[in-house]
Amino acid sequence: MSLRPELLPLVEALAARAGPAVLWWRDDDAGRPDPRLDRLLALARGLEVPLALAVVPTWIEEPMAAAIRATRQASVLQHGWAHADHAGPGERRIELGGRADRSRLLSELARGYSRLRELFGDRFEPILVPPWNRIASDLLPALPGLGFRALSIWDEGDLGPMPAGLARLDVHVDPIDWRGGRRWIGLAALAERLARRLARCDAPVGLVTHHLVTEPEHFDELARLLDLLRGRGDVRLMPVGSLLGGAE
């Protein structure tokens with residue numbers, strides 16, 4: 001693919017860095033059969049780009065699991081349990097918290113962990129991605145005991161210190177404007193956001209996408225971005241499992 005002018009700010013930001021940029025790619029709300037998920041998997045295969053799929057345990061069945069397993073570039077993270085909202089009146093949506101009984105939530109997370117491990121084996125990474133990127137802080141101490149080694153949310157920094165054995169591996173750049181009508185922001189704005197983040201961050205930077213709200217033309221723009229990143233010597237587009245050791 002030829003370089004689009006919209007990507008020039010990103011190229012300049014990469015060239016200005018002292019060392020290589022480390023990035024990883026997460027896509028949320030996977031599990032149910034959908035042509036857009038098929039398109040996402042085909043994109044990862046075609047570009048040979050590592051993809052971390054946040055899979056909802058109660059949504060996934062064997063045919064879709066087989067398609068994910070057939071995509072060697074894909075690893076699987078746990079996206080809560082059922083993507084159910086337990087928020088109280090006037091609160092932001094949350095599955096892992098809210099009005100839900102904490103012991104029940106932990107039991108469901110354990111069941112989801114076992115299901116994903118059974119379906120995906122070592123392609124399952126012990127990383128919890130809470131639906132809506134929110135989790136009650138009183139659940140955190142129990143997560144290492146369930147097998148989780150990292151928590152991945154939006155980079156809000158509002159949970160306080162992590163318990164021993166649990167790292168943070170967050171995402172920072174999202175091409176969807178959720179408050180502005182769930183619209184795709186466009187390749188230029190996406191490249192600019194990524195450039196700004198890379199200019200001030202030496203830690204791994206997470207790009208998060210959502211295939212269920214991504215249209216065909218948006219997949220084309222995402223492909224142009226990923227094709228640029230994978231072809232540069234100053235970028236390391238990494239499998240999420242390789243980042244666990246250095247996550248904080």
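**Note on the predicted model: strands, helix H7 and the largest pocket**

1. Asp 220 is found in helix H7. The structure discussed here is a predicted model. With a relative accessibility of 42%, Asp 220 counts as partly exposed, because that class lies between the cut-offs of 20% and 50%. Its C-alpha atom is separated by 21 Å from that of Ala 54, and the two residues are 166 residues apart along the chain.

2. Helix H7 covers residues 216-230. Its 15 residues should span 21 Å at 1.5 Å a residue, and the end C-alpha atoms are indeed 21 Å apart, so expectation and model agree. The buried residues of H7 are His 218, Phe 219, Glu 221, Leu 222, Ala 223, Leu 225, Leu 226, Asp 227, Leu 228 and Leu 229. Asp 220, also in H7, is partly exposed, whereas Asp 227 is buried.

3. Strand E1 (21-30) is mostly covered, with nine of its ten residues buried. E1 runs parallel to E10, to which three bridges join it; Ala 21 has Val 235 of E10 as its bridge partner. E1 is also parallel to strand E9 (residues 205-209), here over five bridges, and Trp 24 stands opposite Gly 206 in E9.

4. E1 further pairs with E2 in the parallel sense, over three bridges. Arg 26 has Ala 52 of E2 as its bridge partner. Between E1 and E2 the chain passes through helix H2 (residues 35-47), and this β-α-β crossover is right-handed.

5. From strand E2 (residues 51-55), five bridges lead to E3, again in a parallel arrangement. One of the pairs is formed by Val 55 and Gln 78, the latter in E3. Together with helix H3 (residues 62-69), E2 and E3 make a right-handed β-α-β unit.

6. How many of the five residues of strand E3 are buried? Five of the five, residues 74-78, are buried, so the strand is largely enclosed by the rest of the structure. In a regular strand, side chains alternate between the two faces of the sheet. In E3 both faces are covered: Ala 74, Val 76 and Gln 78 are buried on one side, and Ser 75 and Leu 77 on the other.

7. E3 is also joined to strand E4 (residues 124-128) by two bridges, and these strands run parallel. Val 76 stands opposite Phe 124 in E4. E3, helix H4 (residues 102-120) and E4 make a right-handed β-α-β unit.

8. The largest pocket has a volume of about 1100 Å³. It is lined by 32 residues, and those closest to its centre are Asn 133, Asp 174, Ile 176, Trp 178 and His 210. By class, the lining comprises 16 charged, eleven nonpolar and five polar residues.

9. Which elements each supply at least two residues of the lining of the largest pocket? They are strand E1, strand E7 (176-177) and helix H6 (187-200). H6 gives the most, with four residues. E1, a contributor to this lining, is the strand described above as mostly covered.

10. Gly 245 lies in the segment after strand E10 (235-237). Its relative accessibility of 71% is the reason why Gly 245 counts as exposed. The C-alpha atoms of Gly 245 and Ala 189 are separated by 32 Å, and these residues are 56 residues apart along the chain.

Notes:
Residues numbered from 1 in each chain as written. Predicted model: local features only at pLDDT ≥ 70, side-chain atom pairs only at ≥ 80, totals over all residues. Heavy atoms only, no water. 1 Å grid on protein atoms, 1.4 Å probe; cavity = no way out; pocket = protein on both sides within 12 Å on 5 of 7 lines; lining within 4 Å. Points joined across faces, edges and corners; volume = space filled by probe spheres on them. Nonpolar A, V, L, I, M, F, W, Y, C, P; charged D, E, K, R; others polar. Expected span 1.5 Å × (residues − 1). Buried < 20%, exposed > 50% of the residue type's maximum accessible area, 1.4 Å probe, protein only. Pairing = 2+ DSSP bridges. Right-handed = clockwise from strand over helix to strand, strands pointing away.
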